Amino acid sequence: MNKKVIKTEAEWKNELTPQQYYVLRQKGTDAPSEDGLTSHFEKGTYHCAACNTQLFESNSKFESHCGWPSFDDSIKGTINYVQDKSHGMIRIEIVCATCDSHLGHIFNDGPKETTGQRYCVNTTSIKFVKEVN
């Protein structure tokens with residue numbers, strides 16, 4: 001488990017882009033798109049865009065055709081799960097366990113042959129680090 005990263009909202013606002021701040025700290029959502037990391041399938045790891053914690057490995061990524069990057073599992077201990085009752089729905093929000101930044105939501109409509117889960121992640125919430133051979 002990584003050491004907890006605690007910053008003021010002013011510090012986060014100073015360090016993140018306006019879009020990153022909106023998604024990661026204000027629980028915003030990227031517009032759906034097949035561009036960027038949604039259709040990205042290189043070998044490596046996906047890290048929290050706010051604190052650089054490794055969250056997902058590339059072998060857990062799959063094409064869900066939902067418009068956001070989708071993973072069927074996370075790296076153990078890197079994600080916290082929070083009930084979200086916003087927008088008239090009841091969902092499970094996923095947040096970075098290190099810095100509490102909003103990543104997206106988890107749903108039970110992922111690949112049945114693996115975990116059956118779909119971590120639906122905002123592209124803005126993550127960054128890709130290519131595997132070095």
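Which strands each supply at least two residues of the lining of the largest pocket? They are strand S6 (91-96), strand S7 (102-107) and strand S8 (118-121). The model described here is predicted. This briefing covers the largest pocket and then an open sheet of 3 strands.

**The largest pocket**

- The volume of the largest pocket is about 250 Å³.
- Its lining is made up of 15 residues, and those closest to the pocket centre are Thr 29, Arg 91, His 102, Gly 104 and His 105.
- Among the contributors to the lining, S7 gives the most, with 4 residues.
- Sorted by class, the lining holds 7 polar residues, 4 charged residues and 4 nonpolar residues.

**The open sheet**

- Strands of a sheet pair through backbone hydrogen bonds, and the pairing can be parallel or antiparallel.
- In this open sheet the strand order is S2-S1-S9, with antiparallel pairing.
- Strand S2 (54-57) and strand S9 (126-130) are at the edges; each has a single partner strand, so one side of each lacks a neighbour in the sheet.
- On average, neighbouring strands of this sheet are turned by 30° against each other, with direction ignored.

**The pairing of S1 and S9**

- Strand S1 (residues 44-48) and S9 run antiparallel and are joined by 5 bridges.
- Tyr 46 has Phe 128 as its bridge partner in S9.

Definitions and conventions:
Residues numbered from 1 in each chain as written. Predicted model: local features only at pLDDT ≥ 70, side-chain atom pairs only at ≥ 80, totals over all residues. Heavy atoms only, no water. 1 Å grid on protein atoms, 1.4 Å probe; cavity = no way out; pocket = protein on both sides within 12 Å on 5 of 7 lines; lining within 4 Å. Points joined across faces, edges and corners; volume = space filled by probe spheres on them. Nonpolar A, V, L, I, M, F, W, Y, C, P; charged D, E, K, R; others polar. Pairing = 2+ DSSP bridges. Axes fitted to C-alpha atoms, helices over the stretch in contact; angles between N-to-C directions.
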